Amino acid sequence: MGVQSLVRLSRIVSEPIDEDAVRDAVAADENGATCLFLGVVRNHDRGRNVVRLDYQAHPDAEVVLAALCAEVAQATGVAVAAEHRTGTLVVGDTALCAAAGSGHRAEAFDACRILVERIKHEVPIWKRQHGADGTTEWVGL
């Protein structure tokens, strides 16, 4: 199976993430394992209360995401899919959904973990946190 066929979905979206579509993208009759990761906006960060996040993406973020997905798929031999959201998100909203599907659980877990870590560190998406006290700060710059 080629690398392109292992990258089932990679996109940056401004609307709520379709978690079912991401999971279904890596589904296959030969897969005995699907690992799904949801990165969800939480109500705190480093001891501060958080009420919302604003995500902004570089114009090339989707191209970077696609290339990264291809690299992870090639390195692991596992089908992958990922969606990252931009715009204003509140506590409980999903900011990132990543999935990996493979014949066995260990490979799916490993591929999904690698994919999430690389997305977090390499895709040019930035977040601005809004605190309950009215303060804001950019995180991850």
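# Notebook: a four-stranded sheet and a salt-bridge network

**Entry 1. The sheet.** I began with strand 1 and strand 5, which pair in the parallel sense over six bridges. The model I am reading is a predicted one. Within this pairing I looked up Ile 12 and found that its bridge partner in strand 5 is His 84. I then turned to the other pairing of strand 5 that I had noted: strand 5 and strand 7 are antiparallel, with six bridges. Here Val 80 has Ala 100 of strand 7 as its bridge partner. Strand 7 (residues 94-102) also pairs with strand 2, again in the antiparallel sense, over eight bridges.

I next asked in what order the strands of the open sheet stand. The order of the four strands is 1-5-7-2, and the pairing is mixed. Strand 1 (7-13) and strand 2 stand at the edges; each has a single partner strand, so one side of each is left without a neighbour in the sheet. From one strand to the next, the twist averages 5 degrees.

**Entry 2. Helices on the sheet.** I recorded that helix 3 (residues 61-76) packs on the sheet and touches strand 1 and strand 5 (79-85). The direction of helix 3 makes about 155 degrees with that of strand 1. Helix 4 (residues 105-122) lies across strand 2, strand 5 and strand 7, and runs at about 145 degrees to strand 7.

**Entry 3. Strand 5.** Is strand 5 largely enclosed or open? I found that seven of its seven residues are buried, so strand 5 is largely enclosed by the rest of the structure. In a regular strand, side chains alternate between the two faces of the sheet. I therefore listed the two faces separately, and both are covered. Ala 79, Ala 81, Glu 83 and Arg 85 are buried on one side, and Val 80, Ala 82 and His 84 are buried on the other.

**Entry 4. Leu 38 on an edge strand.** Leu 38 lies in strand 2 (residues 33-40), and its bridge partner in strand 7 is Cys 97. Its relative accessibility is 32%, so I entered Leu 38 as partly exposed. Together with Leu 36 and Val 40, Leu 38 makes a nonpolar surface patch of about 210 Å².

**Entry 5. Salt bridges.** Side chains of opposite charge can pair when their charged atoms come close. I noted that a search of the whole structure finds ten salt bridges. Which residues are linked in a network of salt bridges? I wrote down Arg 42, Asp 45, Arg 46, Arg 48 and Glu 137.

Arg 42 and Asp 45 meet through their side chains at 2.9 Å, N to O. Asp 45 is buried, at 9% relative accessibility, whereas Arg 42 is partly exposed, at 45%.

Glu 137 meets Arg 46 in a salt bridge of 3.3 Å, N to O. Arg 46 lies in the loop between strand 3 (44-45) and strand 4 (48-57), and Glu 137 lies in strand 9 (residues 136-139), so this pair ties together parts that are 91 residues apart in sequence. Arg 46 is exposed, with a relative accessible area of 59%.

Glu 137 also forms a salt bridge with Arg 48, with the closest N and O atoms 2.7 Å apart. Arg 48 lies in strand 4 and Glu 137 in strand 9, so this pair ties together parts that are 89 residues apart in sequence. I recorded Arg 48 as partly exposed, at 25%, and Glu 137 as partly exposed, at 23%.

Methods: Residues numbered from 1 in each chain as written. Predicted model: local features only at pLDDT ≥ 70, side-chain atom pairs only at ≥ 80, totals over all residues. Heavy atoms only, no water. Patch = residues over 30% accessible without salt bridge, like charges linked within 9 Å, V, L, I, M, F, W, Y side chains within 5 Å. Areas by Shrake-Rupley, 256 points an atom, 1.4 Å probe, with all protein chains shown as cover. Salt bridge = Lys/Arg side-chain N within 4 Å of Asp/Glu carboxyl O. Buried < 20%, exposed > 50% of the residue type's maximum accessible area, 1.4 Å probe, protein only. Pairing = 2+ DSSP bridges. Axes fitted to C-alpha atoms, helices over the stretch in contact; angles between N-to-C directions. Contact = heavy atoms within 4.5 Å.
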